[in-house]
Amino acid sequence: MSRIGQFYVLCAPSGTGKSTLVRRLTREFPSVRFSVSYTTRAPREGEVHGKDYFFTDKDEFMRLAGQGFFAEWAEVHGNCYGTPLEFTRGLAEQGFDVLFDIDVQGARQLKESLPGACFAMLLPPSRASLEARLRGRGTDDEATIAKRMRNAAGELAAADMFDYWIVNDDLEKAYDSLRAVYLARTLVPSADPGQVSRLLAQWEGAS
Ligand code: ADP
Ligand code: 5GP
C-alpha cells in the first residue's frame with residue numbers, strides 16, 4: 001500500500017462528545033482506526049476490553065510505562081491512561097489513519113514526538129451544557145462529575161496548541177466539521193509522497 005496513514009489527535013473536556021463523534025467517524029470511514037489506550041480506570045457498562053480500552057491495574061500500567069511501551073501517558077482525573085506505541089505505529093504502517101482520543105497532557109507529548117499530526121480540539125457550547133452531558137451520560141458519580149468539571153477549565157486553557165477548534169453544539173454540524181478536517185488532512189502530500197511521480201511516469205517515453 002503506497003498510502004501512509006495520518007495521525008489525528010482529538011481532545012476535549014470529558015463529556016463534550018468525543019467518543020460519540022469518534023464512533024461515527026470510524027463507522028463511516030473504514031480507513032480510520034481508533035487508537036485503543038490502556039487505562040487503570042474501571043470499565044463503564046458496555047465498554048469492551050480491546051475495543052474501548054485495554055483495562056489494566058496500576059502495577060501493570062507502571063511496569064509497561066517503565067519499559068517505554070507508551071507513546072505518551074498521563075494521569076487524568078485520578079486514573080492512568082496511555083497510548084501503546086507499537087499498536088498505533090503498526091496501524092499507520094498498514095496505511096490506516098489513526099485517531100487518538102487523549103487528554104491535553106498526552107497531546108502535548110505527541111506534539112513533540114508526532115509533529116506532523118493533526119491536532120483538533122472539541123469545545124462544549126457552554127459550561128452548563130457540559131455538566132448536563134456528563135450527568136445525562138449516567139456513567140459517573142457526583143464526585144467524578146465535579147472533578148471532571150474542575151479539570152475542564154485546564155483542558156480548555158490549552159486550546160491554543162490545536163490546529164482546529166470544533167464546537168459540539170449541534171451534533172450534525174460538529175460531525176460535518178470533524179469529517180471536513182479528516183478529509184482535508186488525507187490530502188496532504190506526505191500521505192502519499194510518490195503520487196505525483198507515479199503520475200509523471202506515465203509521461204516518460206510518451207510522445
Ligand atoms: P466524551 O467522550 O467527550 O467524554 P461522550 O461522547 O461520552 O463524551 O458524550 C457525553 C454525553 O453527551 C453522551 O451522553 C452523549 O450522547 C451526549 N452528547 C454528545 N454530543 C452531544 C450533542 N451535540 N448534543 C447533546 N448531547 C450530546
Ligand atoms: P474517560 O475516562 O472519560 O474515557 O477518559 C478520560 C480522559 O482521558 C479523556 O480526556 C480522554 O481523552 C483521556 N484519555 C483516554 N485515553 C488516553 C491516553 O491514552 N492518553 C492520555 N493522555 N489521555 C487519554
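**Two ligand sites in a predicted model**

Around ligand 2, the shell divides into five nonpolar, six polar and seven charged residues. The structure is a predicted model. Ligand 2 sits in the largest pocket, and ligand 1 sits in the largest pocket too. The protein contains 14 salt bridges.

**Ligand 2: shell and polar contacts**

- The shell around ligand 2 counts 18 residues.
- The closest of these are Lys18, Arg41, Tyr53, Tyr81 and Asp101.
- Tyr53 has a side-chain N or O atom 2.6 Å from an oxygen atom of ligand 2.
- Tyr81 places a polar side-chain atom 2.5 Å from an oxygen atom of ligand 2.
- For Arg148, a side-chain N or O atom lies 2.7 Å from an oxygen atom of ligand 2.
- On its own, ligand 2 has 510 Å² of accessible area, and the protein covers 95% of that.
- Strand 5 (70–76) and strand 6 (79–84) are the elements that give two or more residues to this shell.

**Ligand 1: shell make-up**

- Residues from the N-terminal stretch around ligand 1 include Ser14, Gly15, Thr16, Gly17, Lys18, Ser19 and Thr20.
- Arg133, Arg137, Asn168, Asp169 and Leu171 also surround ligand 1.
- By class, this shell holds one nonpolar, seven polar and four charged residues.
- Helix 1 (18–28) and helix 5 (127–137) each supply at least two of the shell residues.
- Helix 1 gives the largest share, three residues.

**Ligand 1: polar contacts and cover**

- Ser19 has a side-chain N or O atom 2.5 Å from an oxygen atom of ligand 1.
- Thr20 likewise has a side-chain N or O atom 2.5 Å from an oxygen atom of ligand 1.
- Asn168 has a side-chain N or O atom 2.8 Å from a nitrogen atom of ligand 1.
- The protein covers 74% of the 570 Å² of accessible area that ligand 1 has on its own.

**Lys18 in both shells**

- Lys18 is listed among the residues surrounding ligand 1.
- Lys18 is also one of the closest residues to ligand 2.

**Salt bridges**

- Side chains of opposite charge can pair when their charged atoms come close.
- Arg24 and Glu172 form a salt bridge through their side chains, with N to O at 3.0 Å.
- Arg24 belongs to helix 1 and Glu172 to helix 7 (residues 171–185), so this pair ties together parts 148 residues apart in sequence.

Terms used. Residues are numbered from 1 along each chain as its sequence is written. Chains are lettered from A and ligands numbered from 1 in the order in which they are written. This is a predicted model: local features need pLDDT of at least 70, side-chain atom pairs count only at pLDDT 80 or more; totals for chains, interfaces and linings use all residues. Side-chain values use heavy atoms; hydrogens and water are left out. A residue is near a molecule or strand if one of its heavy atoms lies within 4 Å of it. A polar contact is a pair of N or O atoms within 3.5 Å; within protein, one must be able to donate a hydrogen and the other to accept it, and residues adjacent in sequence count only if both atoms are side-chain atoms. Accessible areas come from the Shrake-Rupley method with a 1.4 Å probe; for residues, only the protein chains shown count as cover. On a 1 Å grid over the protein atoms alone, a cavity is a set of points where a 1.4 Å probe fits but cannot get out, and a pocket is an open set with protein on both sides within 12 Å along at least five of seven lines; lining residues have an atom within 4 Å of a point. A molecule sits in a cavity or pocket if more than half of its atoms lie within 2 Å of its grid points. Helices (H or I, at least four residues) and strands (E, at least two) are DSSP runs, numbered from the N terminus. Ala, Val, Leu, Ile, Met, Phe, Trp, Tyr, Cys and Pro count as nonpolar, Asp, Glu, Lys and Arg as charged, and the others, Gly among them, as polar. A salt bridge is a side-chain nitrogen of Lys or Arg within 4 Å of a carboxyl oxygen of Asp or Glu.
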